Amino acid sequence: MDQLEEILERMKNHSTNLCRNAETPETSRDSDVCPICEGREWILKIKDGVEIAVPCKCREKAVMSRRLRFADIPEAFRGMDLRSFRMDVYRKQESKKMVSDACKIIKTYLDDFESQKERGMGLYIWSRTKGSGKTRIAAGIANELMKRYTVKFAVSLTILQEIKNTWRRDAAGSESQLLDALSTTDILIIDDFGVEAPAAWINDKMYQIINERYINKKVTIFTSNDPLDKISYDDRITNRIKERTYQIAFPEESVRDHIAERMQEEIIEKVIASGNIK
């Protein structure tokens, strides 16, 4: 039985007329379950005398919800997109020029993403300065690509900790399952790559992930505090990254303090405007 036949069979078992589900009790309408398809995301329709399954109107939202959960983008960056990435927070003239050039490269890359994806080309975004905007731009890229693809956003140290967690006797999943998920997702974004000290087992596990993605031309996007030629991983890893990424330098300027200062100024201005400070 093919996938479509399976869908039709499951739907028939639940209901012979899903249109009736539009008139459900209040308890159903108040829940998160779609009252039209009852959470199956497909409905039956008759076309040219043949019963077919078509996506319910809730399916697109449900798919995006699953992608968001899988992506695991940090809460602070879930609303970030490329249009909201602010370049005006950089104060140094050279920083403004550098981040402007970087954003132009990233936009060109995303505009041509279908071609880039076929070649397995990703990005390596680096700056020695913490808070320079690398994670913010990576999150914006993730949110953009998540509209069409399966994306996984993971901090490098978290990946390694999750691998270690699978070694516990009470682990919910196996190491092979975790590595497979990281190796096969459409786009993998590894944040803070290279901050870890690459012990032998770390080097081997990271090589396994990167090599599988390299072989299968899966897009990987990195952020790092070091240029690629200064990363402590061995040549097996760095050579593969070099071949399959565009290296983009970000400014050596932290904008976190600038943003904090601006927010502090804004709240003080609001207090003064309210008349609570004379």
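**Notes on a predicted model: helix H4, aromatic pairs and Ile221**

1. In helix H4, the residues Ser95, Val99, Ala102, Cys103, Ile106, Tyr109 and Leu110 are buried. Viewed down the axis of H4, these buried residues fall within an arc of 120°, so they line one face of the helix. Gln93, Glu94, Lys97, Lys104, Lys107, Thr108 and Asp111, by contrast, are exposed on the other side of H4. The model is a predicted one, and the points below should be read with that in mind.

2. As for its dimensions, H4 runs over residues 93–111, which gives it 19 residues, and it reaches 27 Å from its first C-alpha to its last, close to the 27 Å expected at 1.5 Å a residue. The cover over the buried residues of H4 includes three strands and two helices, namely strand S3 (122–126), strand S6 (219–224), strand S7 (245–249), helix H5 (113–119) and helix H6 (134–145).

3. For the protein as a whole, the secondary structure comes to eleven helices and seven strands, and buried residues make up 40% of its 278 residues. Of the contacts with a separation of 6 or more, 76% are accounted for by residues 24 or more positions apart. The protein exposes about 16,500 Å², and carbon and sulfur atoms supply 50% of that area.

4. The structure holds eight aromatic pairs. In one of them, the rings of Phe85 and Phe250 have their centres 6.2 Å apart and their planes at 65°, and because an angle over 60 degrees counts as edge-to-face, that is how this pair is classed. Phe85 lies in the loop between helix H3 (59–71) and H4, while Phe250 lies in the loop between S7 and helix H11 (256–274), so the pair ties together parts that are 165 residues apart in sequence. Both partners are buried: Phe85 has a relative accessibility of 10%, and Phe250 has a relative accessible area of 1%.

5. Trp167 and Trp201 form an aromatic pair that is likewise edge-to-face, at 5.2 Å centre to centre and with 65° between the planes. This pair also links distant parts of the chain, since Trp167 is in the loop between helix H7 (156–165) and helix H8 (175–184), Trp201 is in helix H9 (residues 200–215), and the two are 34 residues apart. Here the partners are partly exposed, Trp167 at 46% relative accessibility and Trp201 at 26%.

6. Other ring arrangements deserve a look in the viewer. Tyr109, which is among the buried residues of H4, forms one aromatic cluster with Phe113, Tyr149 and Tyr246. Two arginines are placed over tyrosine rings: Arg236 lies over the face of Tyr207, at 4.0 Å from the ring centre, and the charged end of Arg244 sits over the ring of Tyr214, 4.3 Å from its centre.

7. Finally, Ile221 is found in strand S6, one of the elements that cover the buried residues of H4. At 0% relative accessibility, Ile221 counts as buried. Leaving aside neighbours within four places in sequence, Ile221 is in contact with Gly122, Leu123, Ile141, Leu145, Ile187, Leu188, Ile189 and Ile190. The C-alpha atoms of Ile221 and Phe193, which are 28 residues apart along the chain, are separated by 9.9 Å.

Notes:
Residues numbered from 1 in each chain as written. Predicted model: local features only at pLDDT ≥ 70, side-chain atom pairs only at ≥ 80, totals over all residues. Heavy atoms only, no water. Helix = DSSP H or I, 4+ residues; strand = E, 2+ residues; numbered from the N terminus. Expected span 1.5 Å × (residues − 1). Buried < 20%, exposed > 50% of the residue type's maximum accessible area, 1.4 Å probe, protein only. Arc of directions from axis to C-beta. Contact = heavy atoms within 4.5 Å. Phe/Tyr/Trp six-rings, centres within 6.5 Å; stacked < 30°, edge-to-face > 60°. Lys NZ or Arg CZ within 6 Å of the ring centre and 35° of its normal. Areas by Shrake-Rupley, 256 points an atom, 1.4 Å probe, with all protein chains shown as cover.
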